[in-house]
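Visitor: Could you take me through a close look at one part of this structure, with the cut-offs spelled out as we go?

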Amino acid sequence: MTHDDAVARLVGELERAENARAVASADPTFLARRADFRAWQAARLARTHADLLASPRFGAAAEFFLSDLYGPQDISVHTQEVRRIVPVMSRTLPAAAIETVADAIELDALSEELDAAMISALGERVETLDASAYAEAYRAIGHRAERTRQIDLIEHLGRSLDGLTRHPFIGAALKMMRKPAELAGLGALQSFLERGYAAFRVMRGGSEFVEIVAGRERAISEATFAGRDEMLRADRSAAPP
């Protein structure tokens, strides 16, 4: 993908994410249910990946993935900030780094769309959500291709972040952007980028981490579609890898 293609993709995903969120923000009841739904999902992710969170090697990357990319945090502030900083990013960062940000925004948009469908299917049951109700709604809405894409994005994003850590100048470029970003009111986005880079750099090779997370999430998705809901309840509070 060329540099211009990467920038165009990023802008397109920003529009998608903003459109998905605009529908939700107009309904206070939906917003309250979304908060409950995402809190349940965060607890499920923490159980599924408890061993990674406890790992000295993988802990920082697991925390970054579960809180910033695949958890309950609303990163709408990042989509607004990215749109403002696109011109700076296009001049400062290479295509690979811009694609990584585009992956994160696409994942945010897709997760927003899938969560909205789940919340609509669950209705009032969101307030007393459990694994059985979650699995029932998961199968009812379908979207198998979108679920596959969601996990593929997680994997690709992880591999992209891991790849960026192999290029020292990326770290230097992020540091150069720090002060201008703060002055422009883009501190949250800058923190997001720097923490992702740092979390993967500390692992000194993140392929194993990415394979574990993507493998578990694929297995859970396939089991849930097949009616085996017990994997949603699994707890990996074991010795860290």
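Guide: Here is a walk along the end of one helix and the residue that comes after, with a short stop elsewhere.

This is a predicted model, where local features need pLDDT of at least 70, side-chain atom pairs count only at pLDDT 80 or more, and totals for chains, interfaces and linings use all residues. Residues are numbered from 1 along each chain as its sequence is written, and side-chain values use heavy atoms, with hydrogens and water left out.

Let's begin with Thr-48, which belongs to helix α2, residues 28-48; helices here are DSSP runs of H or I with at least four residues, numbered from the N terminus. Thr-48 has a relative accessible area of 4%, so it is buried (under 20% relative accessible area, with a 1.4 Å probe and protein chains only). Setting aside neighbours within four places in sequence, Thr-48 is in contact (heavy atoms within 4.5 Å) with Arg-216, Glu-217, Ile-220, Ala-234 and Arg-236.

Now to His-49, which counts as buried because its relative accessibility is 1%. With the same neighbours within four places in sequence left aside, the contacts of His-49 are Leu-66, Val-213, Arg-216 and Glu-217. Two of these partners return in side-chain polar contacts, meaning pairs of N or O atoms within 3.5 Å, one able to donate a hydrogen and the other to accept it, where residues adjacent in sequence count only if both atoms are side-chain atoms. The side chain of His-49 pairs with that of Glu-217 at 2.7 Å, and with that of Arg-216 at 3.4 Å.

Our last stop is Tyr-197 in helix α10, residues 187-201. Tyr-197 is buried because its relative accessibility is 8%. Its C-alpha atom is separated by 9.1 Å from that of Leu-174, 23 residues apart along the chain.

Definitions and conventions. Helices (H or I, at least four residues) and strands (E, at least two) are DSSP runs, numbered from the N terminus. Buried means under 20% relative accessible area, exposed over 50%, partly exposed in between (1.4 Å probe, protein chains only).
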